[in-house]
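Visitor: Got a minute to walk me through the cysteines and the aromatic rings in this one?
Guide: Sure, let's pull it up.

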Amino acid sequence: PKYSPVCRFNFKCYAQYFKNRFFGNLLVSKIEPMYFSPRSDFELHMLSQGGNLWMSVCSLRSFLSHSQLCPQIVIHDDGSMDEKSIGILKSKFSGLKVISRKEADDLIFNKLGLPDKIKEARKSKNNLVLRVVDFPLLSRANKIMIMGDDVLFFKRPQEIIDFVEGRSSYQSLISEQSGDYDLGMDEYYMSKYELINKRVGYMNADLIVFERNVFTVDKILEFFEHSVKGPDYYFSEMVAMGSIISQSKFSFLPKDKYHIKWAVNENTVAKHFTGPRRQDYFAYGIDLAKSKMKNEK
């Protein structure tokens, strides 16, 4: 594995990395299913791809175990998932639904009556744009959670629980990252929604909860109409989610509890293991999350 300060000279980390990175398909077959009655007012949406089956299962289990919430789980296939992986996912969680790329394409292009601008943007080679269009428009529940398959939970996410249970004064909650980037929007849109003042560039789209009415066709369309860099821009999905979230009554999740940088510590509720930190997901994240889950029982 790549060099990691957390696992410096730690043989156990190397062994865990090897196990989780290369034997995930074997490990997932031995995981016990999680049975529950999915609630109708809360959905968890995740974009997944072929080869990420073990990650998806581990991330979902960590959230379900620590939150004790019972969402309808909706997995969006980016077009690379095979039937075997889809079957395994469905067998591991009650009521889990997989929307195939073909099924989503049919709904978006032929049945929802969307503006051509949105349809064209969705044809982008940047698969993350699927989150901007598909997640909100194909959802049915009042409360929606978006979660990356590289996010793990280690403690009870009280802020998210309170939001889902109606004990929050906000319409949306979003995790925060440490640095910003070029938003790639025109000056009119930037000024209209005060994107800089609202710190949209610091919003992390891999962990969000929001009320479904925060996202509308008009808001999605307006974003693409004012995007200077277009949907192929790598950060387009991040900017879109942040820009639309910023138009609601929102709050950042506490960065000391929900973070990207730093190792898991006593304050960590959830950690997003982004690309540069992916080795840590396999080397210690999965096994630490599993041990924390056992302690919850």
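Guide: One bit of groundwork: a disulfide here is a pair of cysteine sulfur atoms within 2.5 Å. Also, keep in mind that this is a predicted model.

Visitor: Fine. How many disulfides does that rule give?
Guide: The count comes to one. The bond joins cysteine 7 to cysteine 13, with S to S at 2.2 Å.

Visitor: Which hand is the disulfide of cysteine 7 and cysteine 13, and why?
Guide: Left-handed, because the torsion about the S-S bond is about -60°.

Visitor: And are cysteine 7 and cysteine 13 buried or exposed?
Guide: Both cysteine 7 and cysteine 13 are buried.

Visitor: What about cysteine 58, where is the nearest cysteine sulfur?
Guide: That sulfur belongs to cysteine 13 and is 16 Å away, and cysteine 58 is in no disulfide. Cysteine 58 is buried too, with a relative accessible area of 8%.

Visitor: Why no bond for cysteine 70?
Guide: Because its closest cysteine sulfur, in cysteine 58, is 19 Å off, which is too far for a bond. Cysteine 70 counts as partly exposed, at 24% relative accessibility.

Visitor: OK, switching to rings. How many aromatic pairs does the structure hold?
Guide: There are 16 aromatic pairs. One of them is phenylalanine 210 with phenylalanine 215, a tilted pair with 4.8 Å centre to centre and 45° between the planes.

Visitor: Are phenylalanine 210 and phenylalanine 215 buried or exposed?
Guide: Phenylalanine 210 is buried at 0% relative accessibility, and phenylalanine 215 is buried at 5%.

Visitor: Got another pair? Why is tyrosine 233 with phenylalanine 235 called edge-to-face or stacked?
Guide: That pair is edge-to-face because the planes meet at 70°, and the cut-off for edge-to-face is over 60 degrees. The ring centres of tyrosine 233 and phenylalanine 235 lie 5.8 Å apart.

Visitor: How buried or exposed are tyrosine 233 and phenylalanine 235?
Guide: Tyrosine 233 counts as buried at 16% relative accessibility, whereas phenylalanine 235 is partly exposed, with a relative accessible area of 27%.

Visitor: Which residues form an aromatic cluster?
Guide: Tyr17, Phe18, Phe22 and Phe23 are in one cluster together with Phe273, Tyr281, Phe282 and Tyr284.

Visitor: Last one: which rings does the charged end of arginine 199 sit over?
Guide: The charged end of arginine 199 sits over the ring of tyrosine 202, 4.5 Å from the ring centre. It also sits over the ring of phenylalanine 252, where the distance to the centre is 5.2 Å.

Conventions: Residues are numbered from 1 along each chain as its sequence is written. This is a predicted model: local features need pLDDT of at least 70, side-chain atom pairs count only at pLDDT 80 or more; totals for chains, interfaces and linings use all residues. Side-chain values use heavy atoms; hydrogens and water are left out. Rings of Phe, Tyr and Trp (its six-membered ring) pair if their centres lie within 6.5 Å; planes under 30 degrees apart count as stacked, over 60 as edge-to-face and the rest as tilted. Buried means under 20% relative accessible area, exposed over 50%, partly exposed in between (1.4 Å probe, protein chains only). A charge sits over a ring if NZ of Lys or CZ of Arg is within 6 Å of the ring centre and within 35 degrees of the ring normal.
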